Amino acid sequence: MELRDFFPIWNQLASGQQETLIESTIRRAIPKGTLLHSGSMDCTGLLLVQHGQLRAYILSEEGREITLYRLLEGDICLFSASCMMRSIQFEVMIEAEKDTELWIIPADSYKSVMDQSAPLANFTNEVMAGRFSDVMWLLEQILWKRFDQRLAGFLLEESALEGTDVLKITHETIGSHLGNPREVVTRMLRYFQNEGLVKLARGTVEITNRAAMQKQYGT
């Protein structure tokens, strides 16, 4: 992907504005497990994912994690540059879930163009609104959906992302995504196994009856 491919309003930018973005952009290869951004005090810049996968998550005071959303190829992360929008103080952590190639646009450079360009400002607001919608959807899931439904939905989503029913993932990692202790995850996965929905092995969870899982848990 080229830089312009991330911005549907690219042709509405003046040539000088396009040059500012192109000249300031940094390309980086990020190994799996790298922490790219650590809260509102860290102004990393906009992250544009070319290949790979990032995870945006938050930490509780007790150190428990919960995944807000994933960033895949073609996605833009704005929370990593929240310093350019003073009204937004969002303590989001960003890490690479897979080896990832991305572009970073420094916040100052992006903001200088956004202040001059109404199309870019509108596009930025749309992206930010979409991410807030993701967060609100997650909040609704946590508040109103049973844990067994959330876990089933997570396993099916993970299977779709990885392209396989055999998921190389630990119970602790699942707990980090869903914001629940490992012991709670283990108990529910064992229940799923007793119901014939999954097969458990060390470091793996295999979905063995996808249709039944989807029908029973409405995912």
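Colleague: Which residues form a nonpolar patch on the surface, and with about what accessible area together?
Modeller: In this predicted model, one member of the patch is Leu143, which is found in helix α3, spanning residues 118–144. Leu143 counts as exposed because its relative accessible area is 53%, and exposed means over 50%. The nonpolar patch on the surface is formed by Met136, Leu139, Leu143 and Trp144, and together these have an accessible area of about 490 Å².

Colleague: What span does α3 reach from its first C-alpha to its last, and what is expected?
Modeller: Helix α3 covers residues 118–144, and at its start a side-chain oxygen of Ser117 reaches to within 3.2 Å of the backbone nitrogen of Leu120. With 27 residues at 1.5 Å a residue, the helix is expected to span 39 Å, and the model comes close to this with 38 Å.

Colleague: Which elements are included in what covers the buried residues of α3?
Modeller: The buried residues of α3 are Leu120, Phe123, Thr124, Val127, Met128, Arg131, Val135, Leu138 and Gln141. Their cover includes two strands and two helices, namely β5 (65–71), β6 (76–77), α2 (107–114) and α4 (147–162).

Colleague: Is Gln50 buried or exposed, and what is its relative accessible area?
Modeller: Gln50 lies in strand β3, residues 46–51, and, leaving out residues up to four places away in sequence, it touches Met1, Phe6, Arg27, Glu73, Glu101, Leu102 and Trp103. Among these, Met1 offers its backbone oxygen, which the side chain of Gln50 reaches at 3.1 Å. Since buried means under 20% relative accessible area, Gln50 is buried, its value being 3%.

Colleague: Which side chains make polar contacts with the side chain of Arg55, and at what distances?
Modeller: Arg55 has its place in strand β4, residues 54–59, and at 4% relative accessibility it counts as buried. Not counting neighbours within four places in sequence, Arg55 is in contact with Glu65, Thr67, Tyr69, Met93, Ile94, Glu95, Glu97, Ser176 and His177. Two of these contacts are polar and run between side chains, one with Glu65 at 2.7 Å and the other with Thr67 at 2.8 Å.

Colleague: Which residues are linked with Arg55 in a network of salt bridges?
Modeller: Side chains of opposite charge can pair when their charged atoms come close. Both acidic partners in question appear in the list of residues in contact with Arg55. The network of salt bridges links Arg55 with Glu65 and Glu95.

Colleague: How many residues apart in sequence are the parts tied together by the pair of Glu97 and Arg70?
Modeller: Glu97 forms a salt bridge with Arg70, in which the closest N and O atoms are 3.1 Å apart. Glu97 lies in the loop between β7 (93–96) and β8 (100–105), whereas Arg70 is in strand β5, so the pair ties together parts at a sequence separation of 27 residues. Both partners are buried, Glu97 with a relative accessible area of 15% and Arg70 at 11%, and the separation asked for is 27 residues.

Colleague: Which residue forms a salt bridge with Asp115?
Modeller: Asp115 is exposed, with a relative accessible area of 53%. Its partner counts as partly exposed, at 30% relative accessibility. The closest N and O atoms of the pair are 3.0 Å apart, and the partner is Lys111.

Colleague: How many residues apart are Arg210 and Asp165?
Modeller: The side chains of Arg210 and Asp165 meet in a salt bridge of 2.4 Å, N to O. The pair links distant parts of the chain, with Arg210 in helix α7 (residues 210–217) and Asp165 in the loop between α4 and β9 (166–167), at a separation of 45 residues. Arg210 counts as partly exposed at 29% relative accessibility, Asp165 is partly exposed with a relative accessible area of 29%, and the two are 45 residues apart.

Colleague: Among contacts between residues at least 6 apart in sequence, what percentage join residues at least 24 apart?
Modeller: The protein chain has 7 helices and 11 strands, and its C-alpha atoms fill a box of roughly 60 × 35 × 30 Å along the principal axes. Of its 219 residues, 47% count as buried. Among the contacts between residues at least 6 apart in sequence, the share that joins residues at least 24 apart is 71%.

How values were computed: Residues numbered from 1 in each chain as written. Predicted model: local features only at pLDDT ≥ 70, side-chain atom pairs only at ≥ 80, totals over all residues. Heavy atoms only, no water. Patch = residues over 30% accessible without salt bridge, like charges linked within 9 Å, V, L, I, M, F, W, Y side chains within 5 Å. Areas by Shrake-Rupley, 256 points an atom, 1.4 Å probe, with all protein chains shown as cover. Salt bridge = Lys/Arg side-chain N within 4 Å of Asp/Glu carboxyl O. Helix = DSSP H or I, 4+ residues; strand = E, 2+ residues; numbered from the N terminus. Buried < 20%, exposed > 50% of the residue type's maximum accessible area, 1.4 Å probe, protein only. Polar contact = N/O pair within 3.5 Å; in protein donor to acceptor, adjacent residues only side chain to side chain. Contact = heavy atoms within 4.5 Å. Expected span 1.5 Å × (residues − 1).
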